[in-house]
Amino acid sequence: MLAAIDLRVYRGPAPVLHGVTLQVDEGEIVAVVGPNGAGKSTLLGALAGCFPPAAGRVMFAGEDVTGTAPETLVRRGLVLVPERRQVFPGLTVRDNLLLGAYHWYRRNKGEAAALLDAVLADFPRLRERIGQLAGSLSGGEQQMLAIGRGIMARPRVLLLDEPSLGLAPKVVTDLFSRFRQLCTRYGTAMILVEQNVRAAFRVADRAYVLERGRVVREGPVEALREDPHVVGAYLGKRLPAALRADAR
Amino acid sequence: MDAGTMVLQLMLSGLTVGAIYALVAVGFVLIYNVTGVLNFAQGEFAAVGALTGAWLSMRGLPLWVCVVLAVLVAAAVAAGVERAVVHPARQSRPMTVIMLTIGAGMALRGAALLVFGTDPLAMPMFTEGEPISIGGATILWQTVWALVLCLLFFAALVFFFEKTYTGKAVRANVMNRFAARLYGIRPTTLSFWVFVVGGAVSGLAGVVVAPITGATYDMGLMLSMKGFVAAVIGGLNNAAAAVVGAVLLGVVESLATGLLSSGYGDVISFALLLAMLLVRPSGLWSRAEGKRV
């Protein structure tokens, strides 16, 4: 469905991704984990068209979409839910959700209303807050809104950038437990970039471990759970060095 | 005329000037917030409107046709500036784009000089009739026109931004350009249309003021500057505050001109600009929160 082939990306003068290859198939949930600064957000941004790669290709639905702008990719169903949620703070919850459908809303308002209703059924908290300004929501509610806005764009692949960021552990568990259902219901695949490895592994089919701009491990989640490197660096009981260095 | 009447008279003429500045300032604020470009060619769009309207009326066309055509021509010129100058430079640094808009303004002034010459063009008032008398001071019918058109335009603007889907998409773009792009809101399309609207409103300002001041090829520069001062007083990111800033500026200028000396009007308004930039660079009514349109 979506694949990166030997992707190399610079941010300014600094190389961030040194040849990353990854793919997600239809309906699949793929996690990309790794420490802060590994290039996870850059990878998602590059897939969504925000950072043109210096080399390598991005394939989406059988087409080469390397270098295509994000506002074009969203029309084809490649939708990024950005880091730190980035909802539109001065607009209501309803307007935020409807603007998610910007690229097709005017052609089919009836369908947009139906999809809005479905999303609100999935996130009842958003229905309660429908008329409030998005900036007044809690972090967890804003994350639901950001994901709901992403679903309104009718994704075939939904890219989530650190949805657990700044949320309480209980909220994370609750939110992540819905991802599988959302993917099935709306027919989308998902790439989940996370520092919260345990939470990501609970929901994903496969995972990639990204360190310093390279994929160092990949495979089904069950296999990675047994991998000594992954256990040592990300799943160990002790707070591992890799995470201690960038503890927030 | 006693002192009180004189002050009232000066304030009323300040209101007229303020309404004109307000239209230019709002165009300025709209373009700045949607595109991030400080468009110093803004006043030239007003000059284009004034010159076109006056030139057409001298050819004997009905007045309303002149006004409509003047607004359309100003919008078209603004659209041309966006495509020819701003759009190709959209990846450049802000300072570069500011320089380009100043250059575009000079080019428009030069073109206006070639087409219309140096003599001011006259335009008839929108409605004939005796000036209205208020407490000994008089107010021109043209002033009423300026205020009414100004109000109508702002009402339309508020409706657009608060009630329509497209208006909300523009506001979303102002709040977070990156996230707006992710959902398919094309910044280049918005940039084009906001120049069209900004050009139209400036053109309207020009054609409304033309019967009072006449239309000259070089009237745009001062209007750009005054619109900018008004926008800065309002904090550059709030159209309503820019309107208040414009009226304030118009009244202060008019009082300075009338009570001190006719040379002091511009001095005072630019001193105000310096003071604002030094003391309250985020506007008289700045708050800690995010932007509004």
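This is a guided tour of a two-chain structure, chain by chain and then residue by residue.

Keep in mind at every stop that the model is predicted.

**Stop 1: chain A**

Begin by selecting chain A and colouring it by secondary structure, where twelve helices and ten strands should appear. Its radius of gyration is 18 Å, close to the 18 Å that the globule rule gives for 248 residues, so chain A is as compact as a globular protein of that length. Aligned on its principal axes, the C-alpha trace of chain A spans about 50 × 40 × 35 Å.

With a surface representation switched on, chain A exposes about 10,400 Å², and carbon and sulfur atoms supply 50% of that area. Buried residues make up 56% of the 248 residues in the chain. Of the contacts in chain A with a separation of 6 or more, 67% join residues that lie 24 or more positions apart. If you then colour by charge, the mean positions of the 33 positive and 25 negative charges of chain A turn out to be 4 Å apart.

**Stop 2: chain B**

Move next to chain B, whose secondary structure consists of eleven helices and two strands. Followed from the N terminus, its elements run α-α-α-α-β-β-α-α-α-α-α-α-α, which lets you step through the chain in order. A compact globule of 293 residues would have a radius of gyration near 19 Å, and the 19 Å of chain B agrees with this. The C-alpha atoms of chain B fill a box of roughly 60 × 45 × 35 Å along the principal axes.

The accessible surface of chain B comes to about 12,900 Å², with 70% of it belonging to carbon and sulfur atoms. Buried residues account for 51% of the 293 residues, and 77% of the chain B contacts with a separation of 6 or more are between residues 24 or more positions apart. The charges of chain B are 16 positive and 11 negative, and their mean positions are 21 Å apart.

**Stop 3: the largest nonpolar core**

Now display the side chains of the largest nonpolar core, which has 178 residues and in which Leu2(A), Leu47(A), Ile147(A), Leu159(A), Phe179(A), Ile191(A) and Phe201(A) have the most contacts inside it. The element that gives the most to this core is helix α1 (residues 3-35) of chain B, with 13 residues.

Centre the view on Ile191(A) and, leaving out residues up to four places away in sequence, look for the residues that it touches, among them Leu2(A), Leu47(A) and Leu159(A), as well as Val24(A), Val30(A) and Val32(A).

**Stop 4: a buried glutamine in chain B**

Select Gln42(B), which is found in helix α2 (residues 42-58) of chain B. Is this residue buried or exposed? Its relative accessibility is 0%, so Gln42(B) counts as buried. Once neighbours within four places in sequence are set aside, Gln42(B) is in contact with Val24(B), Gly27(B), Phe28(B), Ile31(B), Gly198(B), Ser202(B) and Ser224(B).

**Stop 5: two arginines in a loop of chain A**

Finish in chain A with Arg84(A), which has its place in the loop between β6 (78-81) and α3 (93-100). Although Arg84(A) is not a glycine, it has a positive phi of about 60°. This residue is exposed, with a relative accessible area of 55%.

Then select Arg85(A), found in the loop between β6 and α3 of chain A. Phi of Arg85(A) is near 70°, a positive value in a residue other than glycine. At 14% relative accessibility, however, Arg85(A) counts as buried, the cut-off for that label being under 20% relative accessible area.

Methods
Residues numbered from 1 in each chain as written. Chains lettered and ligands numbered in written order. Predicted model: local features only at pLDDT ≥ 70, side-chain atom pairs only at ≥ 80, totals over all residues. Heavy atoms only, no water. Helix = DSSP H or I, 4+ residues; strand = E, 2+ residues; numbered from the N terminus. Rg over C-alpha atoms; globule rule 2.2 N^0.38 Å. Buried < 20%, exposed > 50% of the residue type's maximum accessible area, 1.4 Å probe, protein only. Contact = heavy atoms within 4.5 Å. Areas by Shrake-Rupley, 256 points an atom, 1.4 Å probe, with all protein chains shown as cover. Lys, Arg positive; Asp, Glu negative; His and termini not counted. Charge placed at Lys NZ, Arg CZ, Asp CG, Glu CD. Core = buried A, V, L, I, M, F, W, Y, C linked by side-chain atoms within 4.5 Å.
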